[in-house]
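Please open the model in your viewer and keep the sequence beside it. The stops below are given in the order in which to select them.

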Amino acid sequence: MDDPIVDLHSDHYFMGEALRQAARAGEAEEVPVGAVVVRDGRVIARAFNQVELLKDATAHAEMLALTQAEEAVGDWRLTDCTLFVTKEPCPMCAGAIVHVRLARVVFGASDPKAGAAGSALNLLQVPSLNHRCQITGGVREAECRALLQTFFAKQRSGENPANGSPGPRTRTLSQSGIRDRPGTEAGLPPDADTG
């Protein structure tokens, strides 16, 4: 029996590259989101979330990958590029995606609470803006979602996903006042789906 042919230019393949970046984010104790930018069938930029590492709220995988891609292309316009990202872009990233005029965005896990590529809102295809992107969602969704769910489950349990040590403690407001909860997202109940 012949081995299956691997299409190195498929969405499945390039999402695998983004998943590798997401794994690197998790190893660095960051929310495991990874992104790659592809042009002419080649990866020209790779990045993962580095918000905590850089102490920069804008250091999302998408933003870092777009900056690298602009350097690789030598222009801020990325009209012939595709972004592959493991989680649906947030409004900040979606705004940057429109500004660099990406041709297409491919994401894995949707984000019903804050996704700006069609789940909570769609900033990538606003008719009044000067650019609209093609969107493909759900590519390798189960793998992308599993990374996020595992990370946040460990955060909620107080275990650091990267090394098994206790995770950060954050302050949350409850009816009885402020109290500590290991690893919960501020203001969200411990069972909230943040992926």
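The tour goes from a helix to the aromatic rings and then to an arginine.

Before selecting anything, note that this is a predicted model, in which local features need pLDDT of at least 70 and side-chain atom pairs count only at pLDDT 80 or more, while totals for chains, interfaces and linings use all residues. Residues are numbered from 1 along each chain as its sequence is written, and side-chain values use heavy atoms, with hydrogens and water left out.

**Helix α3**

Select residues 61–73, which make up helix α3; helices (H or I, at least four residues) and strands (E, at least two) are DSSP runs, numbered from the N terminus. With 13 residues at 1.5 Å a residue, α3 should span 18 Å, and its end C-alpha atoms are indeed 18 Å apart, where the expected span is 1.5 Å times one less than the number of residues.

Now colour A61, E62, A65, L66 and A69, the buried residues of α3. They lie on the same side of α3, because they cover an arc of only 120° around the axis, the arc being that of the directions from the helix axis to the C-beta atoms. Buried means under 20% relative accessible area, exposed over 50%, and partly exposed in between (1.4 Å probe, protein chains only). To see what these residues pack against, add β1 (34–39), β2 (42–48), β3 (81–87) and α4 (91–99); contact here means heavy atoms within 4.5 Å. Just after α3, stop at G74, which takes a positive phi of about 80°.

**Aromatic rings**

How many aromatic pairs does a search of the whole structure find? There are three aromatic pairs, where rings of Phe, Tyr and Trp (its six-membered ring) pair if their centres lie within 6.5 Å, and planes under 30 degrees apart count as stacked, over 60 as edge-to-face and the rest as tilted. Select Y13 and F14, whose ring centres are 5.2 Å apart with the planes at 75°, so the pair is edge-to-face. F151 and F152 also form an edge-to-face pair, at 5.2 Å centre to centre and 85° between the planes. Y13 is partly exposed at 28% relative accessibility, whereas F14 is buried at 3%; F151 is buried at 6%, and F152 is buried at 7%. Adding F84 to the selection shows one aromatic cluster formed by Y13, F14 and F84.

**R145**

Finally, select R145 in helix α5 (residues 141–157). Is R145 buried or exposed? R145 counts as buried, because its relative accessible area is 17%. Follow the side chain of R145 to the backbone oxygen of S110, which it reaches at 3.0 Å.

Key:
A polar contact is a pair of N or O atoms within 3.5 Å; within protein, one must be able to donate a hydrogen and the other to accept it, and residues adjacent in sequence count only if both atoms are side-chain atoms.
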